[in-house]
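Trainee: Could you take a close look at one part of this model with me, and then work outwards from there? I'd like a connected walk through what packs on what.

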Amino acid sequence: MEPDASLFFQCHEHLLMGKGTPGEKYPELYYDELDKSIQEARAFVKAGGDGLVEAQPVGCCRMTEELVRISEETGLRIVASTGFHKMAFYPRGHWIFEEKEEALAEIFIHELVEGMYTDGACGRPECSISARAGQIKTAMEISELDGQYRKVFAAAAAASKETGAPIMLHVENGHHPMKYFEFLEQQGVRPEKMIFCHLDRACADMQIHKELAKAGVYLEYDTIAREKYHSDQRELEIFGEMIGAGYEDRLLFSLDTTRKRLSAYGGSIGLTYILDIFLDKMERQGIPQEVIRKISGSNPARALAWS
Ligand SMILES: [Zn+2]
């Protein structure tokens with residue numbers, strides 16, 4: 001679905017994650033209890049949340065049918081992801097390594113246009129349902145786009161150009177986001193189709209944030225209530241600096257929650273943290289209501305719309 005400007009949207013969350021390589025590496029990346037995830041989603045809707053982007057892609061522990069159930073049970077609007085995660089999150093022999101660029105693009109396009117696959121944990125996905133993905137997730141753990149990464153990024157770019165769907169980029173700490181921007185631009189993806197995530201913790205140089213925003217991409221900040229990276233006060237300063245520089249139309253926010261932070265799973269904050277606490281902090285920082293409404297409503301509506 002595509003959100004409209006009056007809705008409250010968080011643009012990078014993980015409502016639940018199936019068993020697989022991510023959870024084997026990091027225990028907080030395995031949590032598959034549907035009733036708990038429904039409880040979390042319900043609390044979010046009750047607090048005033050309308051929708052979120054679910055950032056787990058096809059073939060990488062995305063629980064596709066459960067996402068549909070959560071949406072049906074709670075009324076939560078979920079924009080699901082096709083695309084790919086870091087290669088370290090796939091088992092050896094996975095189709096993401098085996099398929100050629102064109103075949104990968106076909107899988108992504110199928111998910112965006114026809115419907116999402118419910119299989120594909122290792123072998124090529126084949127069974128799909130009618131619910132479609134709404135964006136293309138991309139991620140990498142090395143700083144050069146070569147080998148596998150050149151192939152999967154090119155496939156994501158092809159799927160975006162074919163459908164008009166946006167590409168979400170997970171940026172690792174210390175990587176230079178401009179490299180990915182330049183690569184996608186060379187592939188013909190328009191800047192307004194790119195959503196860069198995690199730059200608030202991954203990139204200390206605010207000039208780069210501004211350069212990207214000026215080019216027309218969206219910046220999704222999600223290091224809210226993550227003291228191990230920085231305080232909420234620092235997070236507010238980052239928002240403040242970008243708004244002060246005139247880029248309020250390019251900003252999105254979210255929590256990037258996993259098991260560790262979802263309250264239904266005993267985590268520390270819950271999906272409602274922005275609605276319950278962070279919005280007040282933004283207001284006290286002097287960020288006007290109308291700007292907050294852009295970040296939570298009209299910017300996601302534009303960023304996630306296809307055309
Ligand atoms: Zn994430």
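Mentor: Start with helix 5, whose buried residues pack against strand 4, strand 5 and helix 6. This is a predicted model, so take everything here as computed from that prediction. The buried set in helix 5 is Leu-104, Ala-105, Ile-107, Phe-108, Ile-109, Glu-111 and Leu-112. Remember that an α-helix has 3.6 residues a turn, so residues three or four places apart point the same way. As for its length, helix 5 covers residues 101-113, and those 13 residues should span 18 Å at 1.5 Å a residue; the end C-alpha atoms are 18 Å apart, so the two agree.

Now cross over to helix 6. Ala-159 is a good handle: leaving aside neighbours within four places in sequence, Ala-159 is in contact with Ala-105, Phe-108, Ile-109, Leu-112, Ile-136 and Ala-165. Several names there should ring a bell, since Ala-105, Phe-108, Ile-109 and Leu-112 are among the buried residues of helix 5.

That takes us to the core. The largest nonpolar core has 89 residues, and Phe-108, Ala-159, Met-194, Ile-195 and Phe-196 are the ones that touch the most other members. Helix 6, residues 148-163, gives this core its largest share, eight residues. As a general point, nonpolar side chains in soluble globular proteins tend to be buried together.

Next, the sheet under discussion. Strands 4 and 5 belong to an open sheet of six strands, ordered 4-5-6-7-8-9, with parallel pairing. Strand 4 (81-83) and strand 9 are the edges, each pairing on one side only. From one strand to the next, the twist averages 30°. Strand 4 pairs with strand 5 (residues 135-139) in the parallel sense over three bridges, and Ser-81 has Gln-135 of strand 5 as its bridge partner. One step further in, strand 5 and strand 6 are also parallel, this time over four bridges; here Thr-138 is bridged to Leu-169 of strand 6. Strand 6 (residues 167-170) has Ile-167 and Leu-169 pointing one way and Met-168 and His-170 the other, and all of them are buried.

There's another sheet to keep separate in your head. Three strands make an open sheet in the order 1-2-3, again with parallel pairing. Its edges are strand 1 and strand 3 (77-79), each pairing on one side only, and the twist averages 25° from one strand to the next. Strand 1 and strand 2 (residues 51-54) pair in the parallel sense over three bridges, with Leu-52 in strand 2 as the bridge partner of Gln-10.

Helix 12 is where strands from both sheets come up again. The cover over its buried residues includes strand 1 (9-13), strand 7 (194-197), strand 8 (218-221), strand 9 (251-253) and helix 11 (273-284). The buried residues themselves are Ile-292, Lys-294, Ile-295, Ser-296, Asn-299, Pro-300 and Ala-303. Helix 12 runs over residues 289-303, 15 residues in all, and reaches 20 Å from first C-alpha to last, close to the 21 Å expected at 1.5 Å a residue. Still, helix 12 has a kink of about 45°, centred on Ile-295, and Ile-295 is one of those buried residues.

Stay in helix 12 a moment for Arg-302. With 18 other C-beta atoms within 10 Å, Arg-302 counts as partly exposed, because buried needs 20 or more. The C-alpha atoms of Arg-302 and Asp-249 are separated by 9.5 Å, although the two are 53 residues apart along the chain.

Finally, two backbone oddities in loops. Most residues other than glycine have a negative phi. Cys-61, though, has a phi near 70°, a positive value, and sits in the loop between strand 2 and helix 3 (64-74). Cys-61 is buried, because 23 other C-beta atoms lie within 10 Å. Ala-225 also has a positive phi, near 55°, and is found in the loop between strand 8 and helix 10 (232-244). Ala-225 has 19 other C-beta atoms within 10 Å, so this residue is partly exposed.

Definitions and conventions: Residues numbered from 1 in each chain as written. Predicted model: local features only at pLDDT ≥ 70, side-chain atom pairs only at ≥ 80, totals over all residues. Expected span 1.5 Å × (residues − 1). Bend = angle between axes of the 7 residues up to and from the residue. Buried ≥ 20, exposed ≤ 12 C-beta atoms within 10 Å, placed from the backbone. Contact = placed C-beta atoms within 7 Å. Pairing = 2+ DSSP bridges. Axes fitted to C-alpha atoms, helices over the stretch in contact; angles between N-to-C directions. Core = buried A, V, L, I, M, F, W, Y, C linked by C-beta atoms within 7 Å.
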